[in-house]
Amino acid sequence: MSATSCSGVLPRTKLFGSNICKSNHRVPTLFVGRSCSYTRSLKSVSCHLSEGLRDHNKSSSKEIVVSCSSSSDKGSSLVGRSHHCGPIDKRNTVGQTFCSAGVSTYSGAQVDSDSHAIEEKIGVLLLNLGGPETLDDVQPFLFNLFADPDIIRLPRLFQFLRQPLAKLISVFRAPKSKEGYAAIGGGSPLRKITDEQAHALKRALEAKNMPVNVYVGMRYWYPFTEEAIQQIKKDKITRLVVLPLYPQFSISTTGSSIGVLQRIFREDAYLSELPVSIINSWYQREGYIKSMADLIEKEFKSFLKPEEVMILFSAHGVPVSYVEDAGDPYKDQMEECIYLIMQELKARGINNEHTLCYQSRVGPIQWLKPYTDEVLVELGQKGVKSLLAVPVSFVSEHIETLEEIDMEYKHLALESGIENWGRVPALGCTSTFIMDLADAVIEALPSATAISTSRSASKAVDHDPMQYIIKMFFGSILAVFLLLSPKMVQAFRNHLF
């Protein structure tokens, strides 16, 4: 079968601003050294695509489930698995399988040996946080989370404390976290929802005449980002679009995941040459803004007096030091995102009051304010009777929406005097949202290039003597606080003995 050249105008998506396997089985994790570096925002562009795409003969095409391998099959084990030290995992994974998300349709015919055409194999990698699927997964999941250098940012002098601190914190927090996960069914639904989003995105791209393989890579639980990357290499993907499922960029979310990608790609000859386009943030996209406004507008109908409803946007918080010391753009992007959503609502005749607050803070350090729990009490004291909570930094339901917002915050709101409570669901697989993500992938593809080997600003901050001294000082305080805390020591002893 000969290759053909297809040229056409790609669908354009209007922007509000300048920025732009489904399987529940697991394999033993791979652990790859993480980098604190992150890539600055890349602007998505809309342009013409003229590539040597293979003509797919529908009559001879067949569906191939990609990247399935059994962990009990030694011959198909992931490259280097036995040479890496993985995060804590005490489960028996014999006989379980890993399958990257996506079912691709390709012609069964092979390229002739004398053909000069190169088969284009496009991949899309969805990045997300990950979450424990059982209560036994909670403590090792927390260890992976707190062992991330982009979560607890210590100066180089104290790097040796990272894993001991992660162990202490995870052991200390595990009992309370288990209670939360037990309250929502015994585990996080994030893996299942992200797989569903991957399949929906694949179908949306195929409807736009772009067959792709879609992969899911989780930062702190299965399937790990490292595993997805190995599968991408095995599948011989020729161009890759990386799409973090975080609308706004933060060092602790998108930045951390991109750091893993940079580390792995730079050390691998094949991956270092793979053209990659990274969509660092997409909170300004019209499709996302309209999808959020649609959900809010729909929830207003559940109130008897919609005009009296206060809109409470609740976003995941980050430490203030990330913004002030490391230059994290998360706060600015979040505020702009809320502005755009409110402008869209006003265009629809919805002029309700709103407020932005931040949830999920951890530890004794200062996080972005105002805090959601404190705002709820204040609103009750001011006489607000109707409140609609909008989880704005989340596109999937998980513990922070299902337990923290739906249970803890709802209870606090009603206790504070708010009488009518509502909550906007996460976007999930909303069709307009998925179609916009598909457009974002198409627009980003032409800009794919090999990942840069330059050091990023987040890494370079350690070269500033004053910043280094500040980080060393506060890192020392944090280390002493955690190591000498009686509760930490007792929790650790209980875990060991």
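**Exercise 1. Place Pro-370 and describe the peptide bond before it.**

Pro-370 sits in the loop between strand 12 and helix 10. Helices (H or I, at least four residues) and strands (E, at least two) are DSSP runs, numbered from the N terminus. The peptide bond joining Lys-369 and Pro-370 is cis, with omega about 0°. Tyr-222 and Pro-223 are also joined by a cis peptide bond, with omega about -10°. Pro-223 belongs to the loop between strand 8 (213–218) and helix 4 (225–234).

This is a predicted model: local features need pLDDT of at least 70, side-chain atom pairs count only at pLDDT 80 or more, and totals for chains, interfaces and linings use all residues. Residues are numbered from 1 along each chain as its sequence is written, and side-chain values use heavy atoms, with hydrogens and water left out.

**Exercise 2. Take Ser-360 and Lys-236, and decide for each: buried or exposed?**

Start with the cut-offs. Buried means under 20% relative accessible area, exposed over 50%, partly exposed in between (1.4 Å probe, protein chains only).

Next, Ser-360. Its loop runs between strand 12 and helix 10. Phi of Ser-360 is positive, near 65°, though the residue is not glycine. Ser-360 has a relative accessible area of 12%, so it is buried.

Then Lys-236. This residue lies in the loop between helix 4 and strand 9 (239–244). Lys-236 is not a glycine either, yet has a positive phi of about 60°. Its relative accessible area is 57%, so Lys-236 is exposed.

**Exercise 3. Trace helix 11 (residues 399–415): where does it bend, and what does it pack against?**

First, the bend. Helix 11 bends by about 35° at Ile-405. The bend at a residue is the angle between axes fitted to the seven residues ending there and the seven starting there.

Second, the buried side. Buried residues of helix 11 include Ile-399, Ile-405, Tyr-409 and Leu-412. Glu-400, Glu-403 and Glu-404 are also among them.

Third, the partners. The buried residues of helix 11 pack (contact: heavy atoms within 4.5 Å) against elements including helix 2 (162–183), helix 10 (372–381) and strand 13 (386–391).

Last, the exit. Gly-417 follows helix 11, and its phi is positive, near 110°.

**Exercise 4. Find where the largest nonpolar core lies, and why.**

Define it. A nonpolar core is a set of buried Ala, Val, Leu, Ile, Met, Phe, Trp, Tyr and Cys residues joined through side-chain atoms within 4.5 Å.

Count it. The largest has 62 residues; Leu-205, Tyr-288, Ile-296, Phe-313, Ile-341 and Val-392 touch the most other members.

Locate it. Domain 1 (122–283 + 433–450) and domain 2 (286–426) both contribute residues, so this core lies between them. The domain bounds come from an automatic or database domain assignment.

Zoom in on Ile-296. Beyond its neighbours within four places in sequence, Ile-296 contacts Ile-311, Phe-313, Ile-341, Leu-345, Leu-388, Val-390 and Val-424.

Look elsewhere. A second, separate core has 22 residues, including Phe-141, Ala-147, Ala-166 and Ile-169.

**Exercise 5. State how many disulfides a search of the whole structure finds, then check Cys-337 and Cys-429.**

The search finds zero disulfides. The criterion is a pair of cysteine sulfur atoms within 2.5 Å. Cys-337 has a relative accessible area of 0%, so it is buried. Cys-429 has 37% relative accessibility, so it counts as partly exposed.
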